[in-house]
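Q: Could you take a close look at one part of this protein with me? I'd like the sheet and whatever is packed around it, told as one connected story.

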Amino acid sequence: MSGPEFVSPPRSLRRGAALALVFVSVLATAAATNSLPGDERTPRPARTRGAASTVDRAELVRATSDAVADGKSGTKAAEDVVGRSGDRWGAVYDRTDYEQFEDALDGEYTGVGLWARRVRDGRIEVARVQPGGPAARAGLRAGDLLRTIDGRQVGTRPVTDVVSQLRGGDTASVPGTPVVVGVRRGGDTVTRTLRRARLTTDPVTVTRLPGRATLIKVTAFTKGSGARVDKAVRAAPAGGGILLDLRGNSGGLVTEATTAASALLDGGLVATYDVHGAQRALYARRGGDTDRPLVVLIDGGTMSAAELLTGALQDRGRAITVGSRTFGKGSVQMPSALPGGSVAELTVGHYRTPGGHSVDGRGITPDVTAGDRAESRAETVLSGLGGGA
């Protein structure tokens, strides 16, 4: 999803698969500059996204440098190279977009509080809205199809472009500035004027279910979300089960997903991955809660780092998964600074679950298939495990 204005990572690439990830809004997923654990060459936590990179970095740097030297856009030149490469999750950001993306991963952003994603017929819909945000106050809701922004047709534009316009682009991303949004709802067209606001995201919510069960809903693995999951597990009533809801979770920081896994595993393997062919592994910390009954809710919107966590809990026999097949994005991206200040996020490898299963293009099949009443079914399963739902 693209983050508020989050975008779910679109199937097509171009710039901002990430922007969409965490919150343009429907995104959720990169960072100031840290990378996968164990990679000392890149300074930022890794994110997962999709298909091995065929980008020639030397060509990328050369094209960007030449464009900047000629007074042209280095970002546009880099986008052209990445677009030809076949790396469908590769993304290029200018300085402003990348700063906004990092803000989203840190849980703050300026926007209207809606997540957008591209659906199978090519249109872009509202995936969800942030309670209390400008979009919610204006009556926009999940399922609305985005038609126009400030009078400009959305059409088949990249989701990240749409999200960037909602947030204000390079000049208008200021709280209080207006944006006019037109949506299609059923047979009606609805137009609303929204005013951007400085918003914070709360990717983890905790609800007590009847009995001793606890529902932990995680919408994205932004900074601090893993610790929030750990705290929620530790605070759950003694003897009560956990229902971990990862539906619609578009991913985020791999480090945060690993921290969440540590809350529910007593050490051991979380995932293996390759970076430019070099094999590496992610491990949970020891001391997690392995006694409580655990059920994980998943669906087609469960992506990337959320799939990594799901695969670890399923393969390790720690949880029963309920819902529908996940999205199937099992690739790893890392950021790379380019001449002129832009940043390219390129696919460097893929991860596998502890059982050696590849997620990319396949997704994860739930143990118990459930549709519209998935949450009710999950509660029944949890109760059957002695979780007290």
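Q: Let's start at the edge: which residue in strand 13 does Val204 stand opposite?

A: Val204 stands opposite Val218 in strand 13. Keep in mind that we're looking at a predicted model. That pair of valines belongs to the stretch where strand 12 and strand 13 (residues 214–218) run antiparallel, joined by 5 bridges.

Now step back to the whole sheet. It's an open one of 6 strands with mixed pairing, and the order reads 12-13-14-17-18-21. Strand 12 (204–208) and strand 21 (368–369) each have a single partner strand, so they stand at the edges and one side of each is left without a neighbour in the sheet.

Two helices lie across these strands. Helix 7 (residues 225–235) covers the strand 12 end, lying across strand 12 and strand 13 and running at about 15 degrees to strand 12. Helix 10 (residues 374–384) reaches over another set: strand 13, strand 14 (242–245), strand 17 (294–298), strand 18 (320–323) and strand 21. Its direction is about 165 degrees to strand 17. Strand 13, then, has helix 7 lying across it and helix 10 as well.

Inside the sheet, Asp245 is worth a stop. This residue is found in strand 14, and at 3% relative accessibility it counts as buried. Leaving aside residues up to four places away in sequence, Asp245 touches Leu215, Ile216, Lys217 and Val218, plus Leu297. So we're back at Val218, the residue opposite Val204, because Val218 is among the contacts of a buried Asp245.

Next, follow the chain to Pro293, in the loop between strand 16 and strand 17. Pro293 is buried too, with a relative accessible area of 16%. Its contacts, again not counting residues up to four places away, include Gly241 and Ile242, as well as Arg318, Leu382, Leu385, Gly386 and Gly387. There's also Gly239, 54 residues away along the chain, whose C-alpha atom is separated from that of Pro293 by 8.6 Å.

Just before that loop comes a hairpin. Strand 15 (residues 269–275) and strand 16 (residues 278–283) run antiparallel and are joined by 6 bridges, with Thr272 opposite Ala281. The hairpin has 2 residues between its strands, and His276 in the turn has a positive phi of about 55 degrees. Earlier in the sequence sits helix 8 (residues 254–262), mostly covered, with 8 of its 9 residues buried. Among the buried ones are Val254, Glu256 and Ser262.

One last stop takes us past strand 18. The protein has 2 aromatic pairs, and one of them is Trp89 with Phe327, edge-to-face at 6.3 Å centre to centre and 65 degrees between the planes. This pair links distant parts of the chain, 238 residues apart: Phe327 is in the loop between strand 18 and strand 19 (331–337), while Trp89 is in the loop between helix 3 (74–85) and strand 3 (91–93). Trp89 is buried, at a relative accessible area of 1%. The ring of Trp89 also has the charged end of Lys329 sitting over it, 4.7 Å from its centre.

Notes: Residues are numbered from 1 along each chain as its sequence is written. This is a predicted model: local features need pLDDT of at least 70, side-chain atom pairs count only at pLDDT 80 or more; totals for chains, interfaces and linings use all residues. Side-chain values use heavy atoms; hydrogens and water are left out. Two strands pair if DSSP finds at least two bridges between them. Helices (H or I, at least four residues) and strands (E, at least two) are DSSP runs, numbered from the N terminus. Contact means heavy atoms within 4.5 Å. Axes are lines fitted to C-alpha atoms, for helices over the stretch in contact, and angles run from 0 to 180 degrees between N-to-C directions. Rings of Phe, Tyr and Trp (its six-membered ring) pair if their centres lie within 6.5 Å; planes under 30 degrees apart count as stacked, over 60 as edge-to-face and the rest as tilted. Buried means under 20% relative accessible area, exposed over 50%, partly exposed in between (1.4 Å probe, protein chains only). A charge sits over a ring if NZ of Lys or CZ of Arg is within 6 Å of the ring centre and within 35 degrees of the ring normal.
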